[in-house]
Structures are given as structure tokens and as C-alpha cells.
Amino acid sequence: MRRLVTACAVLLALVGLAPAASAEPDIKAALQRIPGLTVVSEDPAPAGFRFFKLTYTQPADHRHPEAGTFQQRFTLLHRDFAAPTVAFTSGYNVSGSPNRSEPTQIVDGNQLSMEYRYFTPSRPQPENWAKQLTIWQAAADEHRAVQAFKAIYPGKWLATGGSKGGMTATYFRRFFPEDVDATIPYVAPNDVIDPADVYNRFLSRVGDDPACRDALKAIQRDALKRRAELGAIASADAAQRGLTFSIVGSLDKSLEISVIDSYFAFWQYQTQADCAKVPPPGAPAADVYAWYEQVESLNTYSDQDLAPYIPYYYQAAVQLGSPEAYDGYLRDLLRYPGADQPKTFVPSTIRLPRFDYLAMPDIDFWVKSHGTRLLFVYGSNDPWGAEPFELGFGSRDSYRYYVQGGNHGSKIAQLAPAEAAAATATIRRWAGLAGSSALTARSAPAGFPDFDADLTLSERPRL
């Protein structure tokens, strides 16, 4: 290990990022020498690590670099110059905490975390959504950052992310396949256009107990029949919190969409064991409202709750795609049929271009025909896994695993022991590491916060 660290120091000296006389260069000094990178702060980190908040100058439009720049937020969790490095993105805002993704734990490496463009404050000015907010532009952001940081970390690189972050990691690999050695996407949907809508077929038979599905549908119908009663509670809550509903149109419309979404959201974040908590029809309105607060708040689509996630809904409306509403059994109670679609959640001041029907099939074909060293993880009960990435005739050294009964938080540590061991060994092999680093659902690293500690259920977007 000492030889590796010394060799890394020599390389850093050659590229001008560290003094040649230093056997172990200072990471902060190395960061300050990356062109366009600003060290905003160094914050507390667990023993053995250093944690930095950063901004990096990016072109607003990578196809036209002369069109201006913006500052994109990053964080860096540094352990060792010679260790593998994991490029992580949630697909949304960057976390301000020194969290470690599961692959980072498995390889005990460094982690470079990035904020997705257009999630504030990482937004170009002036805005040009149609040209600047595409999956290729976001992949180009990650490409420039990874290439810049390779001057510091010349070892193996992995890319990862969960949900929209898992999609982002896959798209990054498709457009820049040589940037990293492997990609580990978690619970990443692959919304290739499917007229039959695989999501609705999945939701009609999700879980092992039809009684659970029936109970969820029953409380949805009950809520829509009692919308005045529940709406009064939602209105009081909105008034207390200063919530408005100009984007979707009204609190009543927000309530109806939330009720429709609650079936999907239950399976996304809850487990089948939580079926026992579903209130029966006719339960006190306060109890029903409280249950919705845990599953899908009836005020989810307020302007204030939507604002941070408008870039996601925009992309879902123009490139990513989205599930069709699962609401056939509610149609007789709906006032706003068809409202549960991404364009409803994008302000009218933002123009939506025509949907790009080639974007997702292109990614899907690349994974099947050229995908190499990909490892996908899904939960068997997670609706977002209804249309997963498929490995195909050209996929090489690639794998897909399912956590049985798992939801949108599924991880390698939750797989059956043999599968977890195999997946862990594969990732370590890709990172150039020998042996194993067995993780279990109980083995959170000492000193680190929970990975989702700064993102509460009520703050999470649908994806």
C-alpha cells in the first residue's frame, strides 16, 4: 500500500497537483489546483476521512461552451489517493452530509458526489431548459468532473446512484463508456415506451397477498368519497404551512392525484408487513389523513413541495417517460381524469418540447448490445422495477439482482446471502480489490449518518 501511495504522489507532482517532495500530498491543496474547482468548505467527517463541499465550473451547454457557464455543486469524501473512487449522484440535489453509498462501503473508497444540473443552485442563468436539461448534457457534466478528478485519483472508478440517480449513472456510462470501470445502478427504471403499460400489470399483482391490494384500493375509494372531510384537514394543514397550489390548479386536484398515487407510493416505500396499518373504510378522518401523511401526503403537490423537483418532472415529460396512472377502479370518483402525468407538475411558464421517443430506446439498446460491467439491483415489490433494464445479447460481465419483497430502498446487503456475496465480490473485482467485504443490512459503518438521513419520506419525489 505504501508503494501505491508513493506512486500516486509522484503522479500528482507530475501533473502539478501536489509538490514532488510530499510523500502523501494534501488533498485540499490538490483540489485547489484543479482548474474551475472551488473548495467551499471542509466539514467534519468520520475518522480516516476528509469531507469537502465544492463547486465546479461547467458549461451551460456542452455543445456550445461559449454560451456561458454555471457553478455545479459537488462533495468529496476523501479516504486515500490510491483507493478506488465512486462517482455518485442521486439524480437530484447533492447531500450535504458525508454519506457513503453502498459501493463506496464495499470498496472502502473515495466518493465524489454531484448535484444534477437544474436542481438549485446548480442551474445555468439564463435558463434554456430545452437545450440545457437533457440526459446527454447531464452525462457530459459527470464526464468533465470525473476526468478532472482522475488527476487526483488515478485508480479504479465506479459509478452509482439510486432511482433517478441509477438512471443517471447508466446514461453516463452509455455516452462515456470508458470513463469508469463499472456501473452499479440501484432501482433504476427503464421506461422504454410500452403501450400495454407494464406498470399497471405489475401493480395489479404486486405482493403476495391480494387482501393487501384490496385494502389499499378500498382506502383510496373511501378517501375520494370523503374528499370534503379530508380536504378540510388538508386545507387547514396547507394554511398553517403556507402552501399554495397554482401549478396543479387547486388543493382538491392535488388531493385527488395524491390519492391515486398512494397505491404506487405504498409499494415504493413500504413493505407488505405495513398492510396491517391501512385504515379500514370509515375510519376517523384524522386517522386516514395521518396514514396518508406516512404514505403519500394529500398536500404532496403544493407549489412549495413541487418546486425542488420541477427539473425531474420536466425530464419525465420530455425524455424519461413515466408510468400511466393506475386508477381504473377509481374512475367513477375522479374529477380530474388524466391529471396524474408529468406535465401537470411543470409550471406553464416553462415550455415543454415534443417528447423525445428515441432517448430511452437508445439507452435500452446500448445496455443490451454493448453494456459491460453493469450490476443492477431491484426490489421485487418496487413498482419502479416493473420495467427494469434488461441485459441482452451484447452485455458482458453484467448482472441483475432482485431483493425478494424489497422496495425502492433495496440494496445488495438485503439480497440472499449467496447473491450478496457474489455481487460484493464482483464489485471488488471491478475495483481491482481482492477478497471480500461482506455487508449486511445491520452493518452500517461507524461514524457515518444513515445514507438517506437528510431526505425524509415527505420530501422525497415520486421517483
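Buried means under 20% relative accessible area, exposed means over 50%, and partly exposed covers the range in between. Keep these cut-offs at hand for the exercises below, which all deal with a predicted model.

**Exercise 1. Getting an overview**

Task: Find how many helices and strands the protein chain has, and what share of its residues is buried.

Solution. Start with the secondary structure: the protein chain holds 15 helices and nine strands. Next, turn to burial. Of the 463 residues in the protein chain, 56% are buried. Then look at the surface, where the chain exposes about 19000 Å², with carbon and sulfur atoms supplying 53% of that area. Finish with the contacts: among those in the protein chain with a separation of 6 or more, 73% are between residues 24 or more positions apart.

**Exercise 2. Classifying two residues with positive phi**

Task: Asp108 and Val187 each have a positive phi; decide for each whether the residue is buried, partly exposed or exposed.

Solution. First, recall the background: most residues other than glycine have a negative phi. Now take Asp108, which is not a glycine and yet has a positive phi of about 50 degrees. Asp108 sits in the loop between helix H3 (102–107) and S5. Its relative accessibility is 33%, so Asp108 counts as partly exposed.

Move on to Val187. This residue is not a glycine either, and its phi is positive at about 40 degrees. You will find Val187 in the loop between strand S7 (182–186) and helix H7 (198–203). With a relative accessibility of 2%, Val187 counts as buried.

**Exercise 3. Two cis peptide bonds**

Task: Work out which loop holds Pro121 and which holds Pro126, and give omega for the cis bond before each proline.

Solution. Again, begin with the background: most peptide bonds are trans. Thr120 and Pro121 are joined by a cis peptide bond, with omega at about 10 degrees. Pro121 belongs to the loop between strand S5 (110–114) and helix H4 (129–132). The second cis bond links Gln125 to Pro126, and here omega is about 0 degrees. Pro126, too, is found in the loop between S5 and H4.

**Exercise 4. The disulfide**

Task: Locate the disulfide, establish its handedness and say which parts of the chain are tied together.

Solution. A search of the whole structure turns up one disulfide. Its partners are Cys212 and Cys275, with an S to S distance of 1.6 Å. For the handedness, check the torsion about the S-S bond of Cys212 and Cys275: it is about -65 degrees, so the disulfide is left-handed. Now place the two ends. Cys212 lies in helix H8 (residues 210–225), while Cys275 lies in the loop between helix H10 (251–269) and helix H11 (285–295), so the pair ties together parts that are 63 residues apart in sequence. As for burial, both Cys212 and Cys275 are buried.

**Exercise 5. A helix pair**

Task: Describe how H6 packs against H14, and sort the contact residues by character.

Solution. Begin with the geometry. Helix H6 (residues 164–175) packs on helix H14 (residues 359–370) at an angle of about 75 degrees, and their axes are 10 Å apart. This angle makes H6 roughly perpendicular to H14. Next, list the residues that meet. H6 brings Thr170, Tyr171, Arg173, Arg174 and Phe175, and H14 brings Met360, Asp362, Ile363, Trp366 and Val367. Sorted by character, the residues of this contact are six nonpolar, one polar and three charged.

**Exercise 6. Loop residues with distant partners**

Task: For Asp194, Asn381 and Gln270, find the loop each one occupies and a feature that links it to a remote part of the sequence.

Solution. Asp194 is in the loop between S7 and H7, and at 28% relative accessibility it counts as partly exposed. Neighbours within four places in sequence aside, Asp194 is in contact with Arg201 and Glu387. Although Asp194 and Glu387 are 193 residues apart along the chain, their C-alpha atoms are separated by 9.3 Å.

Asn381 comes next, in the loop between strand S8 (375–379) and strand S9 (399–403). With a relative accessible area of 12%, Asn381 is buried. Not counting residues up to four places away in sequence, its contacts include Phe202, Trp267, Gln272 and Gly406.

Last, Gln270 lies in the loop between H10 and H11 and counts as buried at 16% relative accessibility. From Gln270 to Gly406 the C-alpha distance is 9.1 Å, and the two are 136 residues apart in sequence.

Key:
Residues numbered from 1 in each chain as written. Predicted model: local features only at pLDDT ≥ 70, side-chain atom pairs only at ≥ 80, totals over all residues. Heavy atoms only, no water. Disulfide = S-S within 2.5 Å. Helix = DSSP H or I, 4+ residues; strand = E, 2+ residues; numbered from the N terminus. Buried < 20%, exposed > 50% of the residue type's maximum accessible area, 1.4 Å probe, protein only. Axes fitted to C-alpha atoms, helices over the stretch in contact; angles between N-to-C directions. Parallel < 35°, antiparallel > 145°, perpendicular 65-115°, else oblique. Contact = heavy atoms within 4.5 Å. Nonpolar A, V, L, I, M, F, W, Y, C, P; charged D, E, K, R; others polar. Areas by Shrake-Rupley, 256 points an atom, 1.4 Å probe, with all protein chains shown as cover.
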